[in-house]
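Hi there,

Here is the model I said I would pass on, with my notes underneath. Have a look at it first, and then read on.

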Amino acid sequence: MRAIEFINNLIPPLKFTDKVKLGLSWMEEIRTDILPVVDKGAFKGFITDEIIYELNDPELNIEYIDLIGTASIVQEDRHIYEVLRVSSENQVSMVAVLDKELKYLGVVTQEGAISAFTESISIQSQGGVLILSMFMTDYSLYDIARVVESENAKILSSFISDDPLDDSKIKVTLKIDQVELRHIKATLERFGYRVIDQYQEEDGISSDQDRLGNLMRFLDI
């Protein structure tokens, strides 16, 4: 699930020497409102159709424009979760992927990252989500799974992220194959685990908007 695996090769980068009218033409052709800008192999930021319309100067070179999302970057080996986090933090719908020498490789769209991530974590499967907080030294997926399975449930997927409320701890997010989580939560707490949040999906995900909403709550971004 590395970022480089999900680069969208249909989205071309603009150069500093290109005129904004070319950017608008490409946006219309590939049906997007944002494009990356690259100069000599280095990512410089994104330009949007809104920026172009506000400038109202189709002959202006892109190098003279204040671009957005200059920090919306990840290295090629980062997990797709990082793409979603960076996209959300920078409030842009694309993230630039760089190699180890910080050279531009391409972009991953937020839509593509969401699609890849939802498939990997089985978010579309009926069930629920439990989020635990713990020290990294206390983390053992094997031990957690044993507790969950003692309640006749199974962990469909899991991932680890930093706990934003405590730098010394991690968050462990578990997708469980059961909708009813009360007994599982109580059993985990009886074994000393701290459950900080939970989400239950009684009717599954019925639309793309619901799917996105559930994912964002799941990722807590």
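**Overview**

The protein chain has seven helices and ten strands, where helices (H or I, at least four residues) and strands (E, at least two) are DSSP runs, numbered from the N terminus. Please keep in mind that this is a predicted model: local features need pLDDT of at least 70, side-chain atom pairs count only at pLDDT 80 or more, and totals for chains, interfaces and linings use all residues. Residues are numbered from 1 along each chain as its sequence is written, and side-chain values use heavy atoms, with hydrogens and water left out.

Of the 221 residues in the protein chain, 43% are buried. By buried I mean under 20% relative accessible area, with exposed being over 50% and partly exposed in between (1.4 Å probe, protein chains only). The protein chain exposes about 12,200 Å², and carbon and sulfur atoms supply 45% of that area; the areas come from the Shrake-Rupley method with a 1.4 Å probe, and for residues only the protein chains shown count as cover. Among the contacts in the protein chain with a separation of 6 or more, 62% are between residues 24 or more positions apart. Contact here means heavy atoms within 4.5 Å.

**The sheet and its helix**

Three strands form an open sheet in the order S1-S2-S3, and the pairing is mixed. S1 and S3 are the edge strands, as each pairs on one side only. Two strands count as paired if DSSP finds at least two bridges between them.

Strand S1 (residues 14-15) runs parallel to S2 and is joined to S2 by two bridges; Lys-15 stands opposite Val-38 in S2. On the other pairing, S2 and S3 are antiparallel over six bridges. Val-38 stands opposite Phe-43 in S3, and Pro-36 has Phe-46 in S3 as its bridge partner. S2 and S3 also form a hairpin with two residues between them, and Lys-40 in the turn has a positive phi of about 50 degrees. S2 is mostly covered, with five of its six residues buried.

H1 lies across S1, S2 and S3, running at about 135 degrees to S2. For that angle, axes are lines fitted to C-alpha atoms, for helices over the stretch in contact, and angles run from 0 to 180 degrees between N-to-C directions.

**The core**

Which residues have the most contacts inside the largest nonpolar core? They are Val-37, Ile-47, Ile-62, Ile-65, Leu-67 and Tyr-104, in a core of 24 residues. Helix H1 (20-30), strand S2 (34-39), strand S3 (42-48), helix H2 (49-55), strand S5 (94-98) and strand S6 (104-109) each supply at least two residues of this core. S2 gives the most, with four residues. A nonpolar core is a set of buried Ala, Val, Leu, Ile, Met, Phe, Trp, Tyr and Cys residues joined through side-chain atoms within 4.5 Å.

Leaving aside neighbours within four places in sequence, Ile-62 is in contact with nine residues' worth of partners listed here: Leu-14, Lys-15, Phe-16, Asp-18, Lys-19, Val-20, Val-37, Ile-47 and Leu-67. Asp-18, in the loop between S1 and H1, is buried because its relative accessible area is 9%. With the same sequence neighbours set aside, Asp-18 is in contact with Leu-60, Asn-61 and Ile-62. The side chain of Asp-18 also reaches the backbone nitrogen of Lys-15 at 2.8 Å. This is a polar contact, a pair of N or O atoms within 3.5 Å; within protein, one must be able to donate a hydrogen and the other to accept it, and residues adjacent in sequence count only if both atoms are side-chain atoms.

**Helix H3 and two loops**

Tyr-81 is found in helix H3 (residues 80-90) and is buried, with a relative accessible area of 14%. The buried residues of H3 include Ile-80, Glu-82, Val-83, Leu-84, Val-86 and Ser-87. Tyr-81 and Ala-116 are 35 residues apart in sequence and 9.6 Å apart in space, C-alpha to C-alpha.

Gln-91 comes just after H3, in the loop between H3 and S5. Its phi is positive, about 55 degrees, although Gln-91 is not a glycine. Is Gln-91 buried or exposed? Gln-91 is exposed, because its relative accessible area is 74%.

Asn-152 is also a residue other than glycine with a positive phi, near 60 degrees. Asn-152 is found in the loop between helix H5 (141-149) and strand S8 (155-162), and is exposed, with a relative accessible area of 68%.

Best wishes
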